[in-house]
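Here are my notes on the covalent and charged cross-links in this model. Please read them with the coordinates open.

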Amino acid sequence: MVVSRVISNPLWATLVGALVAAIGVSFFVFVRSGEALPRAAADGQPPSASVSPEIIDGTAVLDGKYPFMSFIQLFRNGKPFAACGGALIDPDSVLTAAHCLVNTSGAKVVVGRTDLSQRNEGQEIAASEPFIHPRYNHPAFAYDVGVLKLSRPVKGIKPIKLATAKQNNLETPRRKLTVAGWGATKPNGKLFPPRMREVSVPVVSDSRADRAYATAPPSVRAPYYPSLQVAAGEKGKDSCVGDSGGPLFDPGSRTEVGITDYGPLPCAQARYPGIYTEVNNPQIRKWILWAAKR
């Protein structure tokens, strides 16, 4: 499995030892210093001022509550080097972030496992092929969407729904959506519990998100695309390092509104909401459905 685009000059962050022990594989999150960054983690120096994804001030998810949630272990040259979240969108397709799939040589997906230490739960399936949106642009993170095709279908798990163009009401400012994942639970991007966590976050208006990131200091500044992205979060509540690729969704209808993309570190700052790729953008949704049919 080969991906054409590469994240340049990565600053590899801290290996999460507790989670490694729990699930028996290496778990990392990659971040990049001095600009807006994806919400993922990796081996090396501690992260400095940067942008990254985790669940802050969330609660532990009960077993089986969100079976569509997917944990993606990524490999490079046959060795595990990073991990991201994702969501099952049909029996053999998992939606995630493009930046998760860059420069990987393989992936293993775990679907239907709430606690990663419970190896007897869920279904572990190798990914057969990755797709990255052709307009994905790093480091701007425009069109940050990818689809992993699985080597065999998942059985007995209902996929999450994708928001349509007629569901813009799901992005109304202050509307509460849910983000879930296995990311860090501390704003500094540390402490990765093996059990999935969730948090309810309010949608932030495009104008506020655009203004916040456009006027931010260089270490946080990032472009915000109102037609391509959704902003959500508030002081003390956010996704964070390790949640990249996971869904931002309406918990009632189980409809995915966004894909966890980037945000500042420390996470959960009042001024800077988390940024999510907008699923119902026509160019993005159409491409997702195309990739899922491959």
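**Notes on cross-links**

1. Start with a charged pair. Glu124 and Lys108 form a salt bridge through their side chains, with N to O at 3.6 Å. Glu124 sits in strand 9 (residues 123–132) and Lys108 in strand 8 (residues 106–111), so the bridge ties together parts 16 residues apart in sequence. Bear in mind throughout that this is a predicted model.

2. How exposed are these two side chains? Glu124 has a relative accessible area of 30%, so Glu124 is partly exposed. Lys108 is partly exposed as well, at 23% relative accessibility. The cut-off for buried is under 20%.

3. The pair does not stand alone. A network of salt bridges links Lys108, Arg113, Arg119 and Glu124. The count for the structure comes to eight salt bridges.

4. Now a pair with a long sequence separation. Arg195 and Asp63 form a salt bridge, and their closest N and O atoms are 2.9 Å apart. Arg195 lies in the loop between strand 12 (176–181) and strand 13 (197–204), while Asp63 lies in the loop between strand 4 (59–60) and strand 5 (69–76); the pair therefore ties together parts 132 residues apart in sequence. Both ends are partly exposed: Arg195 at 24% relative accessibility, Asp63 at 47%.

5. Which residue does Lys65 meet in a salt bridge? The partner is Glu198, at 2.7 Å from N to O. Lys65 is in the loop between strand 4 and strand 5, and Glu198 is in strand 13, so this bridge ties together parts 133 residues apart in sequence. Lys65 is partly exposed, at 33% relative accessibility. Glu198 is buried, with a relative accessible area of 10%.

6. Points 4 and 5 are worth viewing together. Asp63 lies in the loop between strand 4 and strand 5, and Lys65 lies in the loop between strand 4 and strand 5 too. On the other side, Arg195 is in the loop between strand 12 and strand 13, and Glu198 is in strand 13.

7. Turn to the covalent links. A search of the whole structure gives two disulfides. Counting bonded cysteines along the chain, the pattern is 1-2, 3-4.

8. One disulfide joins Cys84 to Cys100, with S to S at 2.1 Å. The torsion about its S-S bond is about -90°, so the link is left-handed. Cys84 belongs to strand 6 (residues 79–90) and Cys100 to helix 2 (residues 98–101), 16 residues apart; the disulfide links distant parts of the chain. Both cysteines, Cys84 and Cys100, are buried.

9. The other disulfide is formed by Cys240 and Cys267, whose sulfur atoms are 1.8 Å apart. The link of Cys240 and Cys267 is right-handed, with 70° about the S-S bond. Cys240 is in the loop between strand 14 (229–232) and strand 15 (247–250). Cys267 is in the loop between strand 17 (264–265) and strand 18 (274–278). The two are 27 residues apart, and their bond links distant parts of the chain.

10. Are Cys240 and Cys267 buried or exposed? Cys240 has a relative accessible area of 0%, so Cys240 is buried. Cys267 is buried too, at 3%.

Key
Residues numbered from 1 in each chain as written. Predicted model: local features only at pLDDT ≥ 70, side-chain atom pairs only at ≥ 80, totals over all residues. Heavy atoms only, no water. Disulfide = S-S within 2.5 Å. Helix = DSSP H or I, 4+ residues; strand = E, 2+ residues; numbered from the N terminus. Buried < 20%, exposed > 50% of the residue type's maximum accessible area, 1.4 Å probe, protein only. Salt bridge = Lys/Arg side-chain N within 4 Å of Asp/Glu carboxyl O.
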